[in-house]
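Dear colleague,

I am passing the structure below on to you, and my notes on what was found in it follow underneath. Please read them with the structure open beside you.

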Amino acid sequence: AEHVGFIPITRKGLREGFMRGVCDVGTLYVDAHPDSRILEGKILTLCGSFGRIGKVPAGDLSALLTIHTHCADGWLRLPKSKSALLPDPDEKVEQICRECRNENITSLVGMPSWSPELMRRVLEYFGKSDLREVWSGLELLVYGVENHTPHSKAFAKLLSGKDIHRMEVFVASEGFFAIADDPQREDMLLMLDYGIFYEFRSGDAVVPLEGVAEGIIYTMIITSTNGLWRYHTDYNVVFTSLDPYRVQIASRSKNAPEQE
């Protein structure tokens with residue numbers, strides 16, 4: 001039988017990395033947009049699947065974050081955990097629509113590859129053609145590490161208006177790495193206090209963070225509080241600044257090197 005690979009995620013890693021990253025996204029956004037009214041509404045998060053292997057919980061990172069932040073259910077984040085973790089996509093969409101019908105949704109968080117399809121179904125449910133007709137206070141779209149460009153046209157049809165802001169985050173099951181903190185730039189700020197020790201490989205050379213140079217494509221190697229030890233990720237990055245450290249994703253390798 002084929003074995004599916006899993007990335008370990010500890011409570012410490014969730015708290016010090018992913019949850020801190022979520023808070024920093026909000027803080028950096030409000031700092032860049034002081035007139036924002038995002039805190040007057042709620043976050044709509046689109047959650048993946050969840051299950052168990054024996055007694056061990058296993059699933060998408062978004063599902064694990066939903067479970068461990070259930071205290072935010074209803075008052076800060078929608079849908080509630082019970083609805084977000086529904087395995088059936090049709091039932092999940094219907095529950096999202098029911099819970100969010102009369103809510104002030106000000107931000108939408110999800111991966112660019114599958115968020116448009118779910119949002120199209122939301123529009124069908126409400127009989128609208130634009131998400132701003134459903135949630136007039138919507139002002140921010142936060143999307144993950146996937147390349148957003150191929151999905152830009154799909155989002156443009158769903159979100160009209162120049163006041164919809166987009167914010168990229170470099171986050172994966174392996175860790176929360178970087179945030180696009182400056183709307184005037186195309187790179188992201190590397191976050192250094194999320195329980196991750198960074199190393200970078202270029203060819204046969206491996207250097208710590210203080211040894212990197214701008215303009216070189218590096219494969220990212222991490223040691224983290226999630227239990228990863230010199231783990232070769234399949235993310236290749238380029239540094240655009242060294243003070244502070246800023247990166248752009250150059251590519252994603254199809255075959256990551258063997259782990260050390």
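**Surface, cores and cysteines**

With a relative accessible area of 52%, Val56 is exposed. Please keep in mind throughout that this is a predicted model. Val56 belongs to strand S3, which covers residues 56–59, and together with Phe6 and Ile53 it makes up a nonpolar patch on the surface, the three having about 320 Å² of accessible area together.

Turning to the interior, the largest nonpolar core has 22 residues, and those that touch the most other members are Phe170, Phe177, Tyr198, Phe200, Met220, Ile222 and Phe239. At least two residues of this core are supplied by each of the strands S7 (165–172), S8 (175–179), S9 (188–190), S10 (196–202), S12 (217–224), S13 (231–242) and S14 (245–252), and the largest share, 4 residues, comes from S13. There is also a second, separate core of 21 residues, with Cys97, Leu108, Met119 and Leu123 among them.

As for the cysteines, how many disulfides does a search of the whole structure find? The search finds 0. Cys100, for its part, is in no disulfide, and the nearest cysteine sulfur, which belongs to Cys97, is 7.6 Å away; a disulfide would need the two sulfur atoms within 2.5 Å. Cys100 counts as buried, at 0% relative accessibility, whereas Cys23 is exposed, with a relative accessible area of 52%.

With kind regards

Definitions and conventions
Residues are numbered from 1 along each chain as its sequence is written. This is a predicted model: local features need pLDDT of at least 70, side-chain atom pairs count only at pLDDT 80 or more; totals for chains, interfaces and linings use all residues. Side-chain values use heavy atoms; hydrogens and water are left out. A nonpolar core is a set of buried Ala, Val, Leu, Ile, Met, Phe, Trp, Tyr and Cys residues joined through side-chain atoms within 4.5 Å. Buried means under 20% relative accessible area, exposed over 50%, partly exposed in between (1.4 Å probe, protein chains only). Patches are made of residues with over 30% relative accessible area and no salt bridge: like charges are joined within 9 Å, nonpolar side chains (Val, Leu, Ile, Met, Phe, Trp, Tyr) within 5 Å. Accessible areas come from the Shrake-Rupley method with a 1.4 Å probe; for residues, only the protein chains shown count as cover. A salt bridge is a side-chain nitrogen of Lys or Arg within 4 Å of a carboxyl oxygen of Asp or Glu.
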